[in-house]
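User: I am new to this structure. Please take a close look at the sheet and explain how its strands are arranged.

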Amino acid sequence: MIYDVSTLPVIIFFVFVALVLILSFYFAGKTKSSASYFAAGGTIHWGVNGIAFAGDYLSAASFLGICGMIAFAGYDGFLYSIGFLAGWVVALFVVAEPLKRMGKFTFTDALDYKFNSRSIKFSAAISTLVVSIFYLIPQMVGAGDLVVPMLGLPHWAGVTIVGMVVIFIVATAGMTSTTYVQFLKGGLLIIFSITLTAIILHKGLTREPSPGHHEYISLEVTNNPFGDVALNDDSGYVITGHKSTGNSSFYLLEKDGISNWFHLVERDGDMYLDEMLTISELPSGEVLYNGAPRDDRLFYQVGHLAMIMSDGEEVDMTGPTNPFSFLTKIEDSEVVRYIRTSFGYGDISVEGWYPEITPGTEIMRPGLFYRLEDASIWERLNFVSLMLALFLGTAALPHILIRYYTVPSQRDARKSTIVAIAAIGSFYILTLYMGLGAMINGVLDMESSNMSGPLLARSFGLGLFAMISAVAFATVLGTVSGLIVASSGAIAHDLMDTFFKIEMDDRGKVRAGKVAAFGVGVFAIIIGILLKGMNVSFLVGLAFAVAASSNLPAIVMILFWDKTTSKGVSSSILIGIVSSVLLILVSPSMFERYGLPPESALFPMDNPGIFTIPLSFLTLVTVSLLTGKRQPEIKQSN
Amino acid sequence: MLHEPAAKLEKDNAASYKSKLGLKLFFVYGLVYAGFVLIGVLRPAWMGVRVVWGLNLAIFYGFGLILFAIVMGFLYHLACSRMEDKLNGKEEKQ
């Protein structure tokens with residue numbers, strides 16, 4: 001998709017980035033010790049910390065990914081909202097306060113509190129790095145997606161800008177500036193999401209989603225005796241090619257020198273050819289968008305209502321709706337979604353999307369992305385596995401856990417968690433409205449589901465788009481900053497200082513943290529560029545599976561099982577990492593990424609948590625029982 | 001090297017109470033959450049049934065899980081604070 005770049009979003013974007021950098025400069029002068037670099041000196045107010053929690057947690061996955069998945073697959077995207085929020089219950093009720101008591105700077109400190117074991121230091125540091133990098137990937141992919149319509153820059157440029165700004169933020173002032181960036185962005189994200197939702201509800205449902213909306217062509221055809229089709233009208237189109245794949249038939253139609261693909265469908269007993277969106281790669285390497293070069297801008301934004309039912313009557317528009325009636329009217333109506341397909345035609349490789357009318361009743365309940373009706377056992381297990389990983393993953397994310405060390409007391413840790421739950425929960429309810437709003441307002445870019453929220457804002461005005469995009473960009477900055485602080489802590493504090501016992505004074509530790517932040521940041525930039533195009537919520541779901549498999553069993557068993565040993569902890573962390581990463585690498589989605597048929601994947605599910613979380617628990621219990629008596633404790637928790 | 005919290009904490013006599021209460025609430029929420037997942041897997045058609053205010057079960061249960069977490073969080077905090085004040089003295093100030 002090619003977007004018109006406007007001055008206002010660019011100005012607001014640079015003002016926002018400048019503000020963030022000034023904040024970092026300001027706090028850089030105050031960051032002298034390692035306690036202040038890694039944990040903001042434990043002095044952050046609980047209210048600020050709570051919103052910063054929200055800023056940290058509401059990552060690209062939440063705003064870009066969930067809105068995008070709801071816009072493309074309806075309620076299934078909202079499952080992520082439910083699971084992500086439910087995970088905070090585990091964080092609040094089970095780990096928040098004990099972790100605050102046990103830790104110092106990092107997640108490793110907390111796990112190692114009772115044992116002072118080198119194997120725990122090593123495995124927990126590696127786990128922090130692996131989980132943070134898994135979480136970093138979607139943030140960087142999302143950053144690249146954002147910059148394309150906002151600044152008119154290519155994806156790789158967006159990834160690089162985010163990477164460089166974040167490295168600067170983290171390397172200058174560490175946790176303090178990171179906290180205030182997250183606070184600022186968390187607050188603004190909620191304010192602008194409320195604004196966007198209010199506009200969506202006020203606009204209501206309409207069959208004319210936006211003034212410049214492209215009217216898609218549907219041509220009536222008849223089947224001839226040879227089983228082929230012929231056009232019924234004098235639209236000027238000529239059929240020049242045909243391709244069948246599975247149960248679908250596609251026809252290449254030419255008009256005014258431009259050829260594009262149409263999809264054959266039956267509606268009410270009649271046959272039609274529906275215009276598709278296509279990206280065709282020619283043998284010469286040239287890529288055509290709807291049969292023309294990209295600059296001709298024939299690759300339109302899509303998504304609209306096919307039929308609107310309001311209070312039992314079919315209407316063209318509903319006018320303003322309330323939060324409940326907006327949802328019930330969509331459920332009563334029909335939405336045109338675009339279904340992805342791909343096929344070869346001679347030497348040409350075609351990726352296409354064809355329109356499909358979907359009843360609102362299917363959109364407003366699970367099943368479009370995660371098939372549940374008539375599903376196989378693997379499909380059902382995949383769903384349960386996703387929901388399990390989302391529920392247990394939050395409390396095991398190192399970059400979230402370290403935020404408990406930035407407040408002065410356990411009560412403050414608890415209060416800031418509750419502020420976070422309220423802020424994050426409110427935001428997640430709004431994601432349903434923003435996602436559905438994007439689905440029916442003709443703004444979807446089929447090349448990237450991640451841009452649905454910002455593109456919806458753009459359809460309501462450039463000012464709103466500018467603010468939403470700047471906040472979304474800050475969303476990525478805030479989360480990436482937190483992840484890089486966590487990763488640099490794992491390298492500089494856990495590995496260099498406490499595991500390898502490299503002699504460093506306090507300033508040396510801060511310097512090592514900054515160098516580590518730079519290294520992790522550069523690595524994240526490279527990965528973000530390589531994985532362009534994947535839905536960021538889906539990717540974050542995988543990060544949750546890795547975190548829940550590697551870290552959660554260790555945290556829970558240290559807190560609640562007296563026979564836990566250091567060897568049990570370290571082996572369960574390592575088994576959790578290896579098993580979850582391995583199963584993800586041989587999953588259907590990754591096979592598709594490798595260019596192989598997903599059906600040939602070695603593991604039939606995308607989400608491994610249902611196997612790897614119990615495996616990690618089992619490893620911890622078995623190894624702890626085998627390694628006999630528990631190591632002497634260094635300090636007793638109260 | 002000894003590992004100590006970034007901020008010095010006093011002994012918390014309410015820790016055991018809070019831990020037990022947290023676990024109980026976690027199990028309560030876990031059961032409600034498991035109910036949602038099980039309906040999705042075993043009886044997906046139920047998710048489309050309209051239950052209240054015109055909303056179907058999927059939306060009602062989904063919103064409910066989010067709001068339930070917020071309400072439980074507040075109640076947990078009130079109970080913990082009361083016990084801290086009782087066992088540690090008024091307001092655990094650092």
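Analyst: The sheet comes at the start, then one residue in it, then helix packing and confidence.

This is a predicted model, in which local features need pLDDT of at least 70, side-chain atom pairs count only at pLDDT 80 or more, and totals for chains, interfaces and linings use all residues. Residues are numbered from 1 along each chain as its sequence is written, chains are lettered from A and ligands numbered from 1 in the order in which they are written, and side-chain values use heavy atoms, with hydrogens and water left out.

In chain A, six strands form an open sheet. Their order is E2-E1-E6-E5-E4-E3, and the pairing is antiparallel. Strands (E, at least two residues) and helices (H or I, at least four) are DSSP runs, numbered from the N terminus. Two strands pair if DSSP finds at least two bridges between them. E2 (229-231) and E3 (238-245) of chain A stand at the edges. Each has a single partner strand, so one side of each is left without a neighbour in the sheet. On average, neighbouring strands are turned by 35° against each other, direction ignored.

Now take the E3 edge. Seven bridges join E3(A) to E4(A), and the two run antiparallel. A:Gly241 has A:Leu252 as its bridge partner in E4(A).

E4 of chain A covers residues 248-255 and includes A:Ser248. Is A:Ser248 buried or exposed? Its relative accessibility is 17%, so A:Ser248 counts as buried. Buried means under 20% relative accessible area, exposed over 50%, and partly exposed in between (1.4 Å probe, protein chains only). Beyond its neighbours within four places in sequence, A:Ser248 is in contact (heavy atoms within 4.5 Å) with A:Lys243, A:His263 and A:Tyr354.

Chain A also has packed helices. The axes of H12 (residues 377-393) and H22 (residues 609-626) of chain A come within 8 Å and cross at roughly 55°. Axes are lines fitted to C-alpha atoms, for helices over the stretch in contact, and angles run from 0 to 180 degrees between N-to-C directions. H12(A) and H22(A) are therefore oblique to each other. Angles under 35 degrees count as roughly parallel, over 145 as roughly antiparallel, 65 to 115 as roughly perpendicular, and the rest as oblique. Among the residues that meet are A:Trp378 and A:Leu381 in H12(A), with A:Ile610 and A:Phe611 in H22(A).

Finally, confidence. The model scores ipTM 0.85 and pTM 0.82. Chain B averages a pLDDT (the predictor's confidence in each residue, from 0 to 100) of 82.
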